[in-house]
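The following paragraphs lead the reader through a predicted model. Please keep the sequence and the coordinates in view while reading.

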Amino acid sequence: MEVVRRRSFGWPTMAVVLTCALLVMLPQVYSVRYIVGSRFGWTNSVNYTNWAKDKHFYNGDWLFFVYDRNQMNVLELNKTDYESCNTDHPLHNWTTGAGRDVVPLNVTKTYYFASGKGYCYGGMKVAIHVEKAPPPPKAAPVHSSSTNLLNSFKGQIMIPALFATAAAWDAFLLLW
């Protein structure tokens, strides 16, 4: 008689699977990726002051520069060099050579970007003021009626728990 042994997974494995499932369901903090100049990109035919004036840039956002790599570049300057279009000594050269450069806005300050090779004098420059992210909105007040409590329980606990259980069961079947 042949003995068939099944692999058994203990509670630590299931705890890890459930923890991973719950982490996936946690709300994420969203950053925004801005294409500088929108559909026109980083070129000499855009007023970048107008482009940036109605936008709120927050710590954690990204700037995406799209341009002709054979003609232009992306340089980060100090305020004095930005105002005078002196691109000889940039704080940072973000040009990678592909014409698709990503700049993380990870410090709360004003960033000054310009293109060298004379394009700055034609208006190819932008100042980006980065702010601290605003606090999350406050939750609506909870009314103390049993139906609201039941709906809250179903929406905030039962549905995520159902998905976590389904994910754990699926992982369990795959490992079985």
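A convenient point of entry is F65, which, with neighbours within four places in sequence set aside, is in contact with V36, W42, V74, G99, R100, D101, V103 and F113. F65 also belongs to the largest nonpolar core, a set of 23 residues. Within this core, the residues that touch the most other members are W42, F57, L63, F65, F113 and I128. At least two core residues come from each of α2 (48–53), β3 (61–66), β6 (100–105), β7 (110–114) and β8 (125–131). Another core, of 7 residues, lies apart from this one and includes L75, Y82, C85 and Y112.

C85 leads on to the disulfide. The structure holds 1 such link, and it joins C85 to C120 with an S to S distance of 2.1 Å. The link is left-handed, with -75 degrees about the S-S bond. Because C85 lies in the loop between α3 (79–84) and β5 (92–93), and C120 in the loop between β7 and β8, the pair ties together parts that are 35 residues apart in sequence. Both cysteines, C85 and C120, are buried.

A polar residue completes the tour. N73 is located in the loop between β3 and β4 (75–77). Its relative accessible area is 12%, and N73 therefore counts as buried, the limit being under 20%. A polar atom of the N73 side chain lies 2.7 Å from the backbone nitrogen of G116. Setting aside neighbours within four places in sequence, N73 is in contact with W42, Y67, T95, A114, S115, G116 and K117.

Note on methods:
Residues are numbered from 1 along each chain as its sequence is written. This is a predicted model: local features need pLDDT of at least 70, side-chain atom pairs count only at pLDDT 80 or more; totals for chains, interfaces and linings use all residues. Side-chain values use heavy atoms; hydrogens and water are left out. A nonpolar core is a set of buried Ala, Val, Leu, Ile, Met, Phe, Trp, Tyr and Cys residues joined through side-chain atoms within 4.5 Å. Buried means under 20% relative accessible area, exposed over 50%, partly exposed in between (1.4 Å probe, protein chains only). Helices (H or I, at least four residues) and strands (E, at least two) are DSSP runs, numbered from the N terminus. Contact means heavy atoms within 4.5 Å. A polar contact is a pair of N or O atoms within 3.5 Å; within protein, one must be able to donate a hydrogen and the other to accept it, and residues adjacent in sequence count only if both atoms are side-chain atoms. A disulfide is a pair of cysteine sulfur atoms within 2.5 Å.
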